[in-house]
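Reader: I am new to this structure, and I would like to get to know its pockets. Could we go through them together?

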Amino acid sequence: MKTESQMEHQWLQKLVGEWAYETETMMRPDQPPEKAMGTESVRSIGGLWVLAEGQGEIPGCGHATTLMTLGYDPQKQRYVGNWVGSMMTYLWLYDGEMDVAKNVLTLNSDGPSMSAENKLANYRDVIEFKSNDYRVMTSYVLNDDGQWYQFMTSHYRRQQ
């Protein structure tokens with residue numbers, strides 16, 4: 001039985017295409033920001049999922065390949081997905097929600113802490129479409145003091 005796409009699935013299709021990105025990363029407030037560039041190719045899987053493959057430089061890691069899947073689970077009424085990168089062995093699992101205006105997708109995940117070994121931290125990736133051809137992803141980590149720290153901003157511009 002084929003699942004019909006819903007409005008939430010259709011929103012994800014806005015990501016489909018060829019993108020170039022510029023990233024600014026600031027892992028700790030006492031360090032200067034580092035910049036990197038790359039590309040991302042996003043394709044649809046049956047109109048229900050998107051698969052994004054990124055190629056580019058990761059500050060402190062060199063060249064990397066990343067893969068992200070995103071979909072919408074109608075039973076959970078949540079966006080779901082995962083992310084992997086060639087620079088680490090951790091599988092990031094996403095759980096997210098859309099804002100009321102349908103412009104901002106917030107994806108929550110747990111992942112390796114940047115401040116302590118063998119500890120997990122809460123992360124948040126926020127994807128916002130500024131136009132059909134320009135989107136911004138901002139990444140945050142929840143610090144031990146309970147404050148969200150913005151450590152990365154990526155600007156994506158559609159190439160095709």
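Reader: How much space lies in the second largest pocket?

Author: Happy to help, and please keep in mind that this is a predicted model. Rolling a probe the size of a water molecule over the atoms shows where empty space is left. For the second largest pocket, that space comes to about 220 Å³.

Reader: Which elements give two or more residues to the lining of the second largest pocket?

Author: The lining has 14 residues, and Ser113, Met114, Ser115, Val141 and Asn143 lie nearest the centre of the pocket. By class, the lining divides into three charged, three polar and eight nonpolar residues. The elements that supply two or more of its residues are strand S8 (120-131) and strand S9 (134-142).

Reader: What about the largest pocket: which strand gives the most to its lining?

Author: Let us begin with the volume of the largest pocket, which is about 900 Å³. It is lined by 39 residues, with Ile58, Trp83, Met88, Phe151 and Met152 the closest to its centre. In that lining, 23 residues are nonpolar, eleven are polar and five are charged. The most residues, six, come from strand S3 (residues 49-58).

Reader: Now to a single residue: what distance separates the C-alpha atoms of Arg43 and Glu53?

Author: Arg43 sits in strand S2 (residues 34-45). Leaving out residues up to four places away in sequence, Arg43 touches Val16, Trp49, Val50 and Leu51. Glu53 is ten residues from Arg43 along the chain, and their C-alpha atoms are separated by 8.7 Å.

Technical notes:
Residues numbered from 1 in each chain as written. Predicted model: local features only at pLDDT ≥ 70, side-chain atom pairs only at ≥ 80, totals over all residues. Heavy atoms only, no water. 1 Å grid on protein atoms, 1.4 Å probe; cavity = no way out; pocket = protein on both sides within 12 Å on 5 of 7 lines; lining within 4 Å. Points joined across faces, edges and corners; volume = space filled by probe spheres on them. Helix = DSSP H or I, 4+ residues; strand = E, 2+ residues; numbered from the N terminus. Nonpolar A, V, L, I, M, F, W, Y, C, P; charged D, E, K, R; others polar. Contact = heavy atoms within 4.5 Å.
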